[in-house]
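Trainee: I'd like a close look at one part of this, please: how many residues does each chain give to the contact? Take your time and tie it to what surrounds it.

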Number of protein chains: 2
Amino acid sequence: MTRSSYLGAFEEIVLLALVQVGEGAYGMTVRREIEERSGRSVSIGAVYSTLDRLERKGYVSSRLADPDAVRRGRARRYFQIEQAGEEALHRSREVVSSMWEGLETRPDVGR
Amino acid sequence: MTRSSYLGAFEEIVLLALVQVGEGAYGMTVRREIEERSGRSVSIGAVYSTLDRLERKGYVSSRLADPDAVRRGRARRYFQIEQAGEEALHRSREVVSSMWEGLETRPDVGR
DNA sequence: TCACGTATTTCTACAGTGTAGAAATACGGA
DNA sequence: TCCGTATTTCTACACTGTAGAAATACGTGA
């Protein structure tokens, strides 16, 4: 795709879940958010690789949890959306809604 | 992706363009519709391969133009959306809007 | 009738996305 | 020290996104 600035369908979903979870979002909570809102079940691997790709493009950033956190298991990696990610979300939305324009009321399509 | 019933981002755009053009849509008009509405330029090859894939999934169907059509060039192939395509569009819309829920008014994201 | 221009589809190729599942990591507690 | 638990990381592969070149086919003017 030659590094276009368009989001893939699942990338958009992951980005939105990240925003919905907000402060302190990490892999597991992002997955839960997607499953709860969309009713669609996704593997944790799918979430992480998408998050990684989004990070490579500068749409999200991540940091490891403070090491003093008292809990078991591997350290969490917290994610947050970056400005570029917000812009990409904005563009996706604009494009899709301009494509929908005028069709919303058609009972045969989309609703 | 193991044949999930989810549409890719570009598949959704092509499907919507098809509906917008309506009766007598074919490759070139679908492309024009996408370019006009989204402001995004796409190659004709991209449109056709997406249309082909959608057809294989049963989301659209096509038929060759009547041979008596008086015009030059290769015969047109007209496309139309199928019920399954309308349903897929519907599902995409539902999922994305449930992911957006509550964020529409946030000035930092998406608008 | 034949070379041409034009309209359109088809083919090919490859980078990027979607996705699952298994493996690795790391820590607190018995 | 071993174990269970929480979480990330790795790996692999099918599918999607995309461009561009090639093929096809017909009407027309010479």
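Mentor: The contact takes 25 residues from chain A and 25 residues from chain B, where two residues count as in contact if their C-beta atoms, placed from the backbone, lie within 7 Å. Keep in mind that this is a predicted model, so local features need pLDDT of at least 70 and side-chain atom pairs count only at pLDDT 80 or more, while totals for chains, interfaces and linings use all residues. As for labels, residues are numbered from 1 along each chain as its sequence is written, and chains are lettered from A and ligands numbered from 1 in the order in which they are written.

On the chain A side of that contact, H1, helix H2 (27-38) and helix H4 (83-100) each give two or more residues. Helices here are DSSP runs of H or I with at least four residues, strands are E runs of at least two, and both are numbered from the N terminus. H4(A) gives the largest share, 8 residues. By class, this side of chain A has 13 nonpolar, 5 polar and 7 charged residues. For these classes, Ala, Val, Leu, Ile, Met, Phe, Trp, Tyr, Cys and Pro are nonpolar, Asp, Glu, Lys and Arg are charged, and the others, Gly among them, are polar.

How do the copies meet? Of the interface residues of chain A, 96% are also interface residues in chain B, so the copies meet through the same surface. A rotation of 180 degrees, with 0.0 Å of shift along its axis, superposes chain A on chain B with an RMSD of 0.0 Å. The two copies are thus related as by a two-fold rotation axis. In chain A, Ala9(A) has the C-alpha nearest that axis, 2.4 Å from it. The superposition is by least squares on the C-alpha atoms of residues with pLDDT of at least 70 in both copies.

Now look at what stands behind the contact in chain A. The chain has 4 helices and 3 strands, and along the sequence they follow the pattern α-β-α-α-β-β-α. Its C-alpha trace spans about 55 × 30 × 25 Å along the principal axes. H1(A) and H2(A), both on the side that touches chain B, also pack on each other: their axes come within 9 Å and cross at roughly 105 degrees. That makes H1(A) roughly perpendicular to H2(A); angles of 65 to 115 degrees get that name, with under 35 roughly parallel, over 145 roughly antiparallel and the rest oblique. Axes are lines fitted to C-alpha atoms, for helices over the stretch in contact, and angles run from 0 to 180 degrees between N-to-C directions. From H1(A), Ile13(A), Val14(A), Ala17(A), Leu18(A), Gln20(A) and Val21(A) take part, and they meet Thr29(A), Val30(A), Glu33(A), Ile34(A) and Ser38(A) of H2(A). Those residues divide into 7 nonpolar, 3 polar and 1 charged.

H1(A) also lies across E1, E2 and E3 of chain A, running at about 100 degrees to E3(A). These 3 strands form an open antiparallel sheet in the order E1-E3-E2. Strands E1 (25-26) and E2 (60-64) of chain A stand at the edges with a single partner each, so one side of each is left without a neighbour in the sheet. E2(A) pairs with strand E3 (residues 77-81) of chain A over 5 bridges, in the antiparallel sense, where pairing takes at least two bridges found by DSSP. One of those partnerships joins Val60(A) to Ile81(A) in E3(A).

Then there is the DNA. Around strand C there are 35 residues, and Gly8(A), Ser43(A), Gly45(A), Gly27(B) and Gly73(B) come nearest; a residue is near if its C-beta atom, placed from the backbone, lies within 6 Å. Helix H1 (9-21) and helix H3 (44-56) of chain A, with helix H2 (27-38) and helix H3 (44-56) of chain B, each give two or more residues to that surface. H3(A) gives the largest share, 6 residues. Around strand D there are 34 residues, the closest being Gly27(A), Gly73(A), Gly8(B), Ser43(B) and Gly45(B). There the largest share, 6 residues, comes from H3(B).
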